[in-house]
Amino acid sequence: MPPSVIAALGLPYLININANLANNSSVQTDVYLAAVVRNGVERNIAALMGRRPLIGTALLEDYHLSIDFCEGGTVLVDEIL
């Protein structure tokens, strides 16, 4: 999450970690505690500080994800029945 979002949400700081990126480089980043709601159940997750928001795949377990990779594209997340 971008630092401005973390600050706006008032997320509590957890730890600083060494994170591996997709290009196999490493960066130091701060980790914060965030709460998300999925199917009406609140879960605590780790939110890493970065320039652009990303979503990890752990929250997508038992869901189907469809993304149109274009400007203004549609993103659909549906529960797998």
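Reading along the sequence, you meet the elements in the order α-β-β-β-β-β. That makes 1 helix and 5 strands. The model is predicted, and here are some exercises to find your way around it.

**Exercise 1. Getting an overview**

Task: Find out how far the C-alpha trace of the chain spans along its principal axes, and what share of the residues is buried.

Solution: Start with the extent. The C-alpha trace spans about 35 × 30 × 20 Å along the principal axes. Next, turn to burial: of the 81 residues in the chain, 14% are buried. Then look at contacts with a separation of 6 or more: 17% of them are between residues 24 or more positions apart. Finally, check the confidence. The mean pLDDT of the chain is 86, and 94% of the residues score at least 70. Among the elements, β1 has the highest mean pLDDT, 91, and β3 has the lowest, 85.

**Exercise 2. Following the strand pairs**

Task: Work out how strands β1 and β2 run relative to each other and how many bridges join them, then do likewise for β2 and β3.

Solution: Begin with β1, residues 13-20, and β2, residues 26-38. These two run antiparallel and are joined by 7 bridges. To see one such pairing, pick A19: its bridge partner in β2 is V27. Now move on to β3, residues 41-48. β3 runs antiparallel to β2, with 8 bridges between the two. Here you can pick V36, whose bridge partner in β3 is R43.

Last step: the turns. The hairpin of β1 and β2 has 5 residues between its strands, while the hairpin of β2 and β3 has 2. In the turn of the β2 and β3 hairpin, N39 has a positive phi of about 55 degrees.

**Exercise 3. Two residues with positive phi**

Task: Take N24 and say where it is found, then decide whether N24 is buried or exposed. Repeat the steps for D62.

Solution: N24 is in the loop between β1 and β2. It isn't a glycine, yet its phi is positive, about 70 degrees. The relative accessible area of N24 is 66%, and exposed means over 50%, so N24 counts as exposed.

D62 sits in the loop between β3 and β4, the latter being residues 63-67. D62 isn't a glycine either, and its phi is a positive value near 70 degrees. With a relative accessible area of 48%, D62 is partly exposed.

**Exercise 4. The aromatic pair**

Task: Explain why the rings of Y13 and Y32 count as edge-to-face.

Solution: First, the tools: a pair of aromatic rings is described by the distance of the centres and the angle of the planes. Next, the count, which comes to 1 aromatic pair. The ring centres of Y13 and Y32 are 5.6 Å apart and the planes meet at 75 degrees; edge-to-face needs an angle over 60, so that label fits. Then place the partners: Y13 is in β1 and Y32 in β2, 19 residues apart, so the pair links distant parts of the chain. Accessibility comes last. Y13 is partly exposed at 45%, whereas Y32 is buried at 11%.

**Exercise 5. The largest nonpolar core**

Task: Which residues make up the largest nonpolar core, and what is L11 in contact with, leaving aside its neighbours within four places in sequence?

Solution: As background, nonpolar side chains tend to be buried together in soluble globular proteins. In this model, the largest nonpolar core has 5 residues: I6, L11, Y32, A34 and A47. Now zoom in on L11. Beyond four places in sequence, its contacts are M1, I6, Y32, L33, A34 and A47.

**Exercise 6. Two residues of β2**

Task: Describe the surroundings of T29 and V36.

Solution: Both T29 and V36 lie in strand β2. Take T29 to begin with. Its relative accessible area is 6%, so T29 is buried. The T29 side chain reaches the backbone oxygen of M49 at 2.6 Å. Leaving aside neighbours within four places, T29 is in contact with I15, N16, I17, A19, L48 and M49.

On to V36, which is partly exposed at 23% relative accessibility. With the same neighbours left aside, V36 is in contact with V41, E42, R43, I45 and L59. As a last check, V36 and L59 are 23 residues apart in sequence, with 9.1 Å from C-alpha to C-alpha.

Note on methods: Residues numbered from 1 in each chain as written. Predicted model: local features only at pLDDT ≥ 70, side-chain atom pairs only at ≥ 80, totals over all residues. Heavy atoms only, no water. Pairing = 2+ DSSP bridges. Helix = DSSP H or I, 4+ residues; strand = E, 2+ residues; numbered from the N terminus. Phe/Tyr/Trp six-rings, centres within 6.5 Å; stacked < 30°, edge-to-face > 60°. Buried < 20%, exposed > 50% of the residue type's maximum accessible area, 1.4 Å probe, protein only. Core = buried A, V, L, I, M, F, W, Y, C linked by side-chain atoms within 4.5 Å. Contact = heavy atoms within 4.5 Å. Polar contact = N/O pair within 3.5 Å; in protein donor to acceptor, adjacent residues only side chain to side chain. pLDDT = per-residue confidence, 0-100.
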